[in-house]
Amino acid sequence: MFDRGIEIKTPAQIESMRQAGLIVGTTLEMLRHSVHAGMTTAELDVIAHDHIRSQGGTSNFLGYGAHGSSGAGGFPGVICTSVNDEIVHGIPGTRTLVDGDIVSIDCGAIVDGWHGDAAITVAVGNVAAEVRELMRVTEEALWQGIAAAGLKGHVSDISHAVETSIDEAGDYGIVEGYTGHGIGSAMHQPPNVPNVGRAGRGPKLIKGLVLAVEPMVTLGAPENRTLDDGWTAVTADGSWAAHYEHTFTITDGGAWVLTALDGGRERLVSLGVPYGGP
Ligand code: MG
Ligand code: MG
């Protein structure tokens, strides 16, 4: 059911999204433990593809954005692998990861027509302290955004919490050209969930709404450009970037993070907000 362009899910549909989210979550955990210096990003893509299929899911990334009956131009991977100064939408391929790199892995899956979408940044071996801190700050901003979401609030409450969390952590760039989004029977739906903004704006947060929140943070300036491959977004100044994402919904009890293996319970409780999952 759509209400002013925003898809409102039934409990049964959210349960399907939980199944998709668990496939995404377990795939990302498998990839986190697989990452090592000397492997290519294409090897990560194979691991993800095999796992999603083995769990009964299908990929929503593979072929994304294709146009026409030929399917030309669609995204060629099951995951996005964005290394170092690459922010998002990196294409898995022959690039070999080396000690000290970071790789942001974005993954999605579909179960019964319902989508999940999440991302993590993973350190390859020994990573510089300031880069580890960048990763921590980005993941913290994601959770602060989710923790700020409550029924009767507004979408930009999330945006404001993400921005404030990053600003208070230090001098970082917040990428604004890409945003979080509604998600459900398609991966990208209204409303957009920006990573900056004043609280109290945008659509109301209501039961049945499912959102993906995904801060992208850089060690330098936030400006970016797209490589000639038509997909990979990189920082304009060459600074490194991190990206974390979860898909979540809001119940009477609080937030339920559909792509977190524990539903987000541990992290939300540690932030002092209620956990809304089963
Ligand atoms: Mg994603
Ligand atoms: Mg997304």
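## Two buried metal ligands

D117 and H181 are both buried. For D117, the relative accessibility is 2%, so this residue falls under the 20% cut-off for burial. The model is predicted. Both residues belong to a site with two magnesium ions, described next.

## The magnesium pair

The magnesium ion (ligand 2) has four coordinating residues: D117 (OD), H181 (NE2), E214 (OE) and E245 (OE). Their distances run from 2.1 to 2.2 Å. Along the chain these donor residues follow the spacing D-x63-H-x32-E-x30-E. D117 sits in strand 6 and H181 in strand 8 (residues 180-182), so this pair links parts that are 64 residues apart in sequence.

The magnesium ion (ligand 1) is held by D106, which appears twice through OD, together with D117 (OD) and E245 (OE). Here the range is 2.1 to 2.6 Å. The donor spacing reads D-x10-D-x127-E. D117 is in strand 6, while E245 is in the loop between strand 14 (241-243) and strand 15 (246-251); the pair therefore ties together parts 128 residues apart in sequence.

## The bridge between the ions

What distance separates the magnesium ion (ligand 1) from the magnesium ion (ligand 2)? They are 3.2 Å apart. D117 bridges the two. E245 is listed for the magnesium ion (ligand 1) and again for the magnesium ion (ligand 2). E245 is buried, with a relative accessible area of 1%.

## The sheet behind the site

Strands 3, 5 and 6 form an open sheet in the order 3-5-6, with antiparallel pairing. Strand 3 (79-83) and strand 6 (114-123) are the edges. Each has a single partner strand, so one side of each lacks a neighbour in the sheet. On average, neighbouring strands are turned by 15 degrees against each other, direction ignored.

Strand 3 and strand 5 (residues 102-111) run antiparallel and are joined by 5 bridges. C80 stands opposite D106 of strand 5. D106 is also a donor to the magnesium ion (ligand 1).

## Helices on the sheet

Helix 1 (residues 11-34) packs on this sheet and touches strand 3, strand 5 and strand 6. Its direction makes about 20 degrees with that of strand 6.

Helix 3 (residues 129-147) lies across strand 5 and strand 6. Helix 3 runs at about 155 degrees to strand 6. Strand 6 also carries D117, the residue that coordinates both magnesium ions.

Key: Residues are numbered from 1 along each chain as its sequence is written. Chains are lettered from A and ligands numbered from 1 in the order in which they are written. This is a predicted model: local features need pLDDT of at least 70, side-chain atom pairs count only at pLDDT 80 or more; totals for chains, interfaces and linings use all residues. Side-chain values use heavy atoms; hydrogens and water are left out. Two strands pair if DSSP finds at least two bridges between them. Helices (H or I, at least four residues) and strands (E, at least two) are DSSP runs, numbered from the N terminus. Axes are lines fitted to C-alpha atoms, for helices over the stretch in contact, and angles run from 0 to 180 degrees between N-to-C directions. Contact means heavy atoms within 4.5 Å. Donors are N, O and S atoms within 2.8 Å of the metal (3.2 Å for Na, K and Ca); water is not among the atoms, so sites may look incomplete. Buried means under 20% relative accessible area, exposed over 50%, partly exposed in between (1.4 Å probe, protein chains only).
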